[in-house]
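Biologist: Could you take me through the inside of this protein, starting from one residue and building outwards? I'm new to this, so please explain your terms as you go.

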Amino acid sequence: MDMEKDLIKSENGLGAIRIADEVVSIIAGLAATEIDGIAGMSGGLVGGIAEMLGRKNFSKGVKVEVGEREAAIDLYIIVKYGVRIPDVAISAQENIKRAIENMTGLSVVEVNVHVQGVSFPEEEERVEETRVH
């Protein structure tokens with residue numbers, strides 16, 4: 001497997017700078033979790049229900065495509081119940097774009113937000129469980 005393929009590479013007078021795609025994913029995941037209204041990252045749909053990833057795996061809810069100077073991000077999230085989803089998504093897009101561009105020097109051409117589920121407060125879930133039994 002060619003490691004050069006998975007790295008952002010730039011040359012300067014002192015040598016090469018290489019940033020792995022995984023680093024871009026981690027930056028995006030951290031920037032997303034800073035947004036109020038995002039309950040967590042989604043690892044995909046399991047049995048029709050969005051699987052929420054733990055804090056150690058949040059970069060798995062991010063897919064990146066990185067070129068020499070540009071990056072495109074796909075973010076898979078679970079939002080908190082009651083938030084205005086477009087506002088949360090726009091905040092996430094802006095924060096991710098800013099974080100990646102500031103830390104890597106890449107130009108972020110797009111941040112696609114995929115809302116995979118809604119997280120309900122625990123009190124509401126307990127009330128619902130009580131009513132069912």
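Modeller: Happy to! S25 is buried, with a relative accessible area of 5%, because buried means under 20% (exposed is over 50%, partly exposed in between, with a 1.4 Å probe and protein chains only). This is a predicted model, where local features need pLDDT of at least 70 and side-chain atom pairs pLDDT 80 or more, while totals for chains, interfaces and linings use all residues. Residues are numbered from 1 along each chain as its sequence is written, and side-chain values use heavy atoms, leaving out hydrogens and water.

S25 sits in helix 1; helices (H or I, at least four residues) and strands (E, at least two) are DSSP runs numbered from the N terminus. Setting aside residues up to four places away in sequence, S25 touches S59, V62 and V64, contact being heavy atoms within 4.5 Å.

V62 leads us to the largest nonpolar core, a set of buried Ala, Val, Leu, Ile, Met, Phe, Trp, Tyr and Cys residues joined through side-chain atoms within 4.5 Å. This core has 24 residues, and V62, I38, I73 and L75 are among those touching the most other members. Helix 1, helix 2 and strand 5 are among the elements that each supply at least two of its residues. Beyond four places in sequence, I73 contacts residues including V24, V62 and I100.

Finally, visit A92 in helix 2 (residues 85-104). A92 is buried too, at 0%, and touches I35, I38 and L75, again not counting residues up to four places away. A31 is 61 residues from A92 in sequence, yet their C-alpha atoms are 7.3 Å apart.
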